[in-house]
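Biologist: I should like to learn how to read the features of a protein model. Could we take them in turn, with the general idea before each case?

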Amino acid sequence: MWRNIWILYKREFASYFHIPAVTVGLILFLVLSGVANFYFGNFFTRGQADLLSFFSFHPWLYMLFIPALTMRTWSEERKTGSIELLFTLPITVMEIVLAKFFAAWSFVAVALSLTFPLWITINYLGDPDNATIAACYFSSILMAGGFVAIGVCISAYTKHQMMALSASTSVYLGLNIIGIPTVMESLPHWIPTSIIQSFSNISFITNFDAVNGGLLKVSSLLYFTTLMLFFIIVNKFIIESKRLVE
Amino acid sequence: MLRVRNLSKKIGGLQVIDNMTFSAVKGEIFGILGPNDSGKTIAMKMITGLITPTSGVIEIGDTDIAQSPMLAKKLIGYLPDGMPFYKEMTVINFLQFIAEIRGIRQQDKYKRLAEVVKQTQLEDVLEHRISTLARSFQCKLAIAQALVHDPEILILDEPTNGLDPNQEHGVRKLIKDLAKDKCVILATRTISDIEYICDRVAIIANGKIVVESTPEELAHQSPFHNTLQLRVTKSVKSENIVDVIRTIAEITRVERIDSKRDEINLRIYPRSKFIPLSTINQLAEDLDWEILDLQVIAGRLEEVFRTITTRYQPVI
């Protein structure tokens, strides 16, 4: 199984470097990361040698970048017909699903790793807590896994890339804003607090914020891991059900 | 080597494949000929495990594809309609990918790829991106990826689609060479694919196999098989040629067919296999007809195909 996943993963990962839209998305992600940290995050006025403002924008940066990456994962295979070739090979649906997920997740990890100049910069400018920064990078990658799992799953549902892009972005936006306190406070008062809290607990921002202070909360790690597993399994079911129908 | 029994498929209430049964053996090229939307591609997809049948059995050797799909897929090489590839890959990278996923061991991989590349004449385009390949090379690549693991059975869906006559000839020759030690199933809507390379053919219409035989025997079922075509110069002497020929005892029917203004073109139907050529020649000599052409017509598969399939509506 892992041998097949590795072979499929290599092909899938390499393909990202041939897609202009992904390259553009990557460049935009890196540029916006810098802009977010130094401009929107008021880096210089805060006078703190840390990357907290940089990481705080990650749910929003991923909301823009990851749909562009994941929208073609299954859609392109369906559009070109290469999905037919895949399904006649001696490989299982789960192997394909896992390979695609890991490839997309790895690419996001590569994109994130390319922000290392920011880390070097703040080490040059001050004396940051590098352990906290490392923990934040780890958590960000984990959160990215959740984003990717959702995006790849949505791509499995439609052969139209634009539809996958819009749907993914909408889902990410929803999962982001339900974690913003001012948004939750503006909800009608007749909605029980427990329900509002439940929604807030499944937000990317709520769970990522928890680690932004340098604390790796088990609940947050469990949340992202469960999210990934859930959408990988849903992805598999979508693909198998579409095969039955088609 | 391949046995398909009572294969059926229903999609959304529509019976797209209806009780299809056929078999093919090693060394044979079995053609499945049908018009567009007759169910050929769906049948091929079921045989390759891409689609699950509603009912029926597909056996590759002793392996039931429903019971052991992974094992069955290892025995099959598939050329899908439309030749879908990963177009950003180079030819050699794509073949290496297929070889790896097909389980060919690292130490055997390069030797096997070299054999396949030589067989399919892809040596000159190995480093080319697939998106830049000409149609004929894409077709050869499609065959190459189906051959990489040396399968017992080749399923080829419209392999000559979009090729010019020279390219078609090259691909047909390649398929013919491959079939010597494999069982080949060829789905096509091109009559000449069947005529040139298939040993047996099934004509499919509306999801059903309506007739199965050799291409020659099917062609003999043409209503025009073994008829005579007679072309004479139009003149006073040949005015009543139809009535005269009708008097020949061995002739059952005479009909005029399209011709030039100064010619009479006839199709003559003999009563039996005996064709009265000498009688007609004698009549022509006696009545001073100027014969431009006299030939015995061999039936064509196209005529049989048209007759059979125009009775059926498309499946989808």
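Biologist: Which element supplies the largest share of the lining of the largest pocket?

Modeller: On a 1 Å grid over the protein atoms alone, a pocket is an open set of points where a 1.4 Å probe fits, with protein on both sides within 12 Å along at least five of seven lines, and lining residues have an atom within 4 Å of a point. Helices (H or I, at least four residues) and strands (E, at least two) are DSSP runs, numbered from the N terminus. Here strand 4 of chain B supplies the largest share of the lining, four residues. At least two residues each come from helix 15 (218-245) of chain A and from strand 4 (55-60) and helix 2 (69-75) of chain B.

Biologist: On what basis are such statements made?

Modeller: This is a predicted model, in which local features need pLDDT of at least 70 and side-chain atom pairs count only at pLDDT 80 or more, while totals for chains, interfaces and linings use all residues. Residues are numbered from 1 along each chain as its sequence is written, chains are lettered from A and ligands numbered from 1 in the order in which they are written, and side-chain values use heavy atoms, with hydrogens and water left out.

Biologist: How many residues line the largest pocket, and which lie nearest its centre?

Modeller: The lining has 23 residues, and those nearest the centre are Arg243(A), Gly49(B), Thr52(B), Pro69(B) and Lys73(B). For the classes, Ala, Val, Leu, Ile, Met, Phe, Trp, Tyr, Cys and Pro count as nonpolar, Asp, Glu, Lys and Arg as charged, and the others, Gly among them, as polar. By that division the lining holds 13 nonpolar, six polar and four charged residues. The space in this pocket is about 440 Å³, where grid points are joined across faces, edges and corners and the volume is the space filled by probe spheres set on the points.

Biologist: How is a salt bridge recognised, and how many are there over all chains?

Modeller: A salt bridge is a side-chain nitrogen of Lys or Arg within 4 Å of a carboxyl oxygen of Asp or Glu. By this rule the count is 30 over all chains. One of them joins the side chains of Glu84(A) and Lys45(B), at 2.7 Å from N to O. This pair crosses between chains, from helix 7 (residues 82-87) of chain A, which holds Glu84(A), to helix 1 (residues 40-47) of chain B, which holds Lys45(B).

Biologist: Is Glu84(A) buried or exposed?

Modeller: Buried means under 20% relative accessible area, exposed over 50%, and partly exposed in between (1.4 Å probe, protein chains only). Glu84(A) counts as buried because its relative accessibility is 17%. Lys45(B) is likewise buried, at 17%.

Biologist: Which residues of chain B meet in a salt bridge of 3.3 Å?

Modeller: The side chains of Arg5(B) and Glu59(B) do so, N to O. This pair links distant parts of the chain, 54 residues apart, with Arg5(B) in strand 1 (residues 2-11) and Glu59(B) in strand 4 of chain B. Arg5(B) is partly exposed, at 35% relative accessibility, whereas Glu59(B) is buried, at 17%.

Biologist: Where is Gln145(B) found?

Modeller: Gln145(B) belongs to helix 5 (residues 135-147) of chain B and is buried, with a relative accessible area of 3%. Between Gln145(B) and Gln282(B) there are 61 Å in space, C-alpha to C-alpha, and the two are 137 residues apart in sequence.
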